[in-house]
Amino acid sequence: MRTYSRIAGTGSFLPPRRLTNADLVALLAQHGVETTDEWIVERTGIRARHYADDGMNASDLALQASLAALQAADCTAADVDLIIVATSTPDMVFPSTATILQRKLTEAALAAGQARGPAGCPAFDVQAVCSGFIYALTVADAMIQTGAVRRALVVGAEVFSRILDFNDRTTCVLFGDGAGAVVLEATQHDGSGPGILASDIHADGRHTDILCVPGTVSGGGVLGDPLLKMDGQAVFKLAVGLLESAAKAALAKAGKTEADIDWLVPHQANIRIMQSTARKLKMGMDKVVVTVHEHGNTSAASIPLALDHAVRAGQLQPGQTAMLEGVGGGFTWGAVLVRL
Ligand code: UT7
């Protein structure tokens, strides 16, 4: 018998403003930039994405996703004793988006007539770009396994629309905004029950330049370029191999094989990367959760968004095993094998 972190509930939220590829073609035309629905669909699989309106921040998206996850887990925010938010588009330089979420959860709890919210529990952000949710899950799982916490709220929340360069068609068509959340709970069993079975995370800082937002806040202004830069082909080539190796390492740690995976829940960046990873793991696309066509790439939010979508659609069933995996700026990458 040992302690496992089981997913007790999932939730997600997309800001209401939805832009189809046709909407984006029209928006980019205002910048004198040409793109087409055909190019975007053929190269990426993306058909639409959501953008947060001005004034709606990562913590606002995180709040809605968290409330849905808490409801699904049949608990309140006061029952949570750890909050981790994975984001690269935080509300502020500091404090962390996790503490802002904690305040909003506390206000929501009090407004709903509950005696208290999660004020007092540790709350912090994880910054690993598109691998952020995999990193955050791994950290929360480790803290649950040591007995430091019993229940963790783990969120991926992004407003990437704020850091897109609408003069750069090679990147701005790819990304969207959104949030996803899970409630992780400690449970004891012999390995046959639900929970995170293994995880595997990595980084290689030699590749910081191929995917970055190089600007920063300094001396009362923005120093450097605050918009997203990506060498798409370099990222693509690295991503395919790294995702395969992380998934295989997580399987090996859990003593499992590809045949034990019921569902692949990959980072939703590009349908071609997902197809390639599925092939390498000997899985058909009917076992891959795909939401990229509707959400675009929502960075740290993409895996929990896809997970929640699959749970609520009845695809992922209790007892089934899912491989979650992601890759992103840094370079960072990783995989988490979890039984629902
Ligand atoms: O979340 C972090 C992980 N990020 C990723 O996984 C992204 C990985 N990379 C990719 O998904 C792909 O590399 C992209 C979707 C970004 C690009 O696809 P590609 O097949 O690698 O295209 P490319 O960069 O080789 O560009 C091919 C052509 C170029 O034109 P020429 O030079 O062949 O005449 C581009 O200028 O497509 C052109 N192009 C576009 N055309 C219309 C690039 N972007 C666009 C566009 N609309 N939006």
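The following legends describe close-up views of a predicted model with a bound ligand.

**View 1. The ligand between two domains.** Domain 1 (2-189) and domain 2 (195-339) each contribute residues to the shell around the ligand, so the ligand lies between them. The space that the ligand takes is the second largest pocket. Helix H2 (37-44), helix H6 (169-172), helix H7 (232-254) and helix H8 (271-280) are the elements that give two or more residues to this shell. H7 provides the largest share, with 4 residues.

**View 2. Residues around the ligand.** The ligand is surrounded by 22 residues, of which Thr35, Arg43, Gln233, Asn270 and Asn297 come nearest. Sorted by class, the shell consists of 11 nonpolar, 8 polar and 3 charged residues.

**View 3. Polar contacts of the ligand.** Two nitrogen contacts and one oxygen contact of the ligand are described here. A polar atom in the side chain of Thr35 is placed 2.7 Å from a nitrogen atom of the ligand. At Arg169 the backbone takes part, with an N or O atom 2.9 Å from a nitrogen atom of the ligand. The side chain of Asn297 has an N or O atom 2.6 Å from an oxygen atom of the ligand. On its own, the ligand has 950 Å² of accessible area, and the protein covers 75% of this.

**View 4. The cis peptide bond at Pro95.** Phe94 and Pro95 are joined by a cis peptide bond, with omega near 5°. Pro95 belongs to the loop that runs between strand S4 (83-86) and helix H4 (97-111). Most peptide bonds are trans.

**View 5. The cis peptide bond at Phe331.** The peptide bond between Gly330 and Phe331 is also cis, and its omega is about -5°. Phe331 is located in the loop between strand S14 (321-328) and strand S15 (332-339).

**View 6. The backbone at Lys282.** Lys282, a residue other than glycine, has a positive phi, near 55°. Most residues other than glycine have a negative phi. The position of Lys282 is in the loop between H8 and helix H9 (292-295). Helix H8, which precedes this loop, is among the elements that give two or more residues to the shell around the ligand.

Methods:
Residues numbered from 1 in each chain as written. Predicted model: local features only at pLDDT ≥ 70, side-chain atom pairs only at ≥ 80, totals over all residues. Heavy atoms only, no water. Near = heavy atom within 4 Å. Polar contact = N/O pair within 3.5 Å; in protein donor to acceptor, adjacent residues only side chain to side chain. Areas by Shrake-Rupley, 256 points an atom, 1.4 Å probe, with all protein chains shown as cover. 1 Å grid on protein atoms, 1.4 Å probe; cavity = no way out; pocket = protein on both sides within 12 Å on 5 of 7 lines; lining within 4 Å. Sits in = over half its atoms within 2 Å of the grid points. Nonpolar A, V, L, I, M, F, W, Y, C, P; charged D, E, K, R; others polar. Domains from an automatic or database assignment.
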